[in-house]
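Work through the exercises below with the sequence and the model at hand. Each task is followed by its solution.

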Amino acid sequence: MNILICTKAVPGFVSHPSVPESHDRVDYEAGSIVINESDDYALEAGIKLAKKSGGKAVVLTCGSLSAQKILQAGLGKDADAALRVDANLFEPAATARALAAAIRKQDYDLVITGVESSDVMAAQVGISIAEMLGLPFAYAVTEIELGERNRTIQITKELGFGKKQVEELDLPAVVCFQTGTEPPSFVPVRKMMLAQRKPIKSFTLSELDTRGQPHGIEVVDIFSPKETGMAEIIEGDPKTQASVAMQKIREVL
């Protein structure tokens, strides 16, 4: 089973956020660049499944040259190859279109992404990739195993309130991975240094079929939330508390 794992480089700590004159993104100063949390779990699950199936795991990202750090981390975790789309995109649909165009050029059975990125938090890229490729998908997955039938996988996904669902998914497919059941592994310094010597193939947007690229979103402003008042503790028994709460709701409607 050949598996493509989509990852994103995100800031570990953000300071001085601002909106540029182009209004197409949020600029900031980043103390460090790290792999997005749910993508890290996706990476672990994808590499493990590829090894178990006797296939290959390829880690993929869309970002500038600085994003290669997370691809090297993927290679350090024993991914077989790494690919980068050389584009610093902010809008989720544009990112998904670029990644989908790169994925079409690959030989794959399964695409794994994280559920959302910690910087944009739109939770759209994985689902959009599935739509653009015309593939079935599963969201909020916490475990992946080989399916009982040929060309299938068995996934476990969160339903909320502590409930889970186990089902089989036909391949090819897209899986959006949640923080998993096993913590991500640490890459030793020696393996990271060896990974830095491995080649990473890159694509420019002009080399990919990204026709129909959306115009993007407009970022109007970024600001801290305004304080509107302090919290009020409602005293009394549950019936009294409910009555007072409903009265306060009616006053603001």
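**Exercise 1.** How much area does the protein chain expose, and what share of it do carbon and sulfur atoms supply?

Solution. The model is predicted: local features need pLDDT of at least 70, side-chain atom pairs count only at pLDDT 80 or more, and totals for chains, interfaces and linings use all residues. Residues are numbered from 1 along each chain as its sequence is written, and side-chain values use heavy atoms, with hydrogens and water left out. Accessible areas come from the Shrake-Rupley method with a 1.4 Å probe; for residues, only the protein chains shown count as cover. The exposed area of the protein chain is about 14,700 Å². Carbon and sulfur atoms supply 52% of that area.

**Exercise 2.** Is D109 buried or exposed? State its place and its partners.

Solution. Step 1: D109 lies in the loop between α3 (92–104) and β8 (110–114). Helices (H or I, at least four residues) and strands (E, at least two) are DSSP runs, numbered from the N terminus.

Step 2: D109 counts as buried because its relative accessibility is 14%, buried meaning under 20% relative accessible area, exposed over 50%, and partly exposed in between (1.4 Å probe, protein chains only).

Step 3: Contact means heavy atoms within 4.5 Å. Leaving aside neighbours within four places in sequence, D109 is in contact with M1, N2, R151, L171, P172 and A173.

**Exercise 3.** Describe the protein chain as a whole.

Solution. The protein chain has six helices and 13 strands. Of its 253 residues, 40% count as buried. Its C-alpha atoms fill a box of roughly 65 × 50 × 40 Å, taken along the principal axes. Among contacts between residues at least 6 apart in sequence, 68% join residues at least 24 apart.
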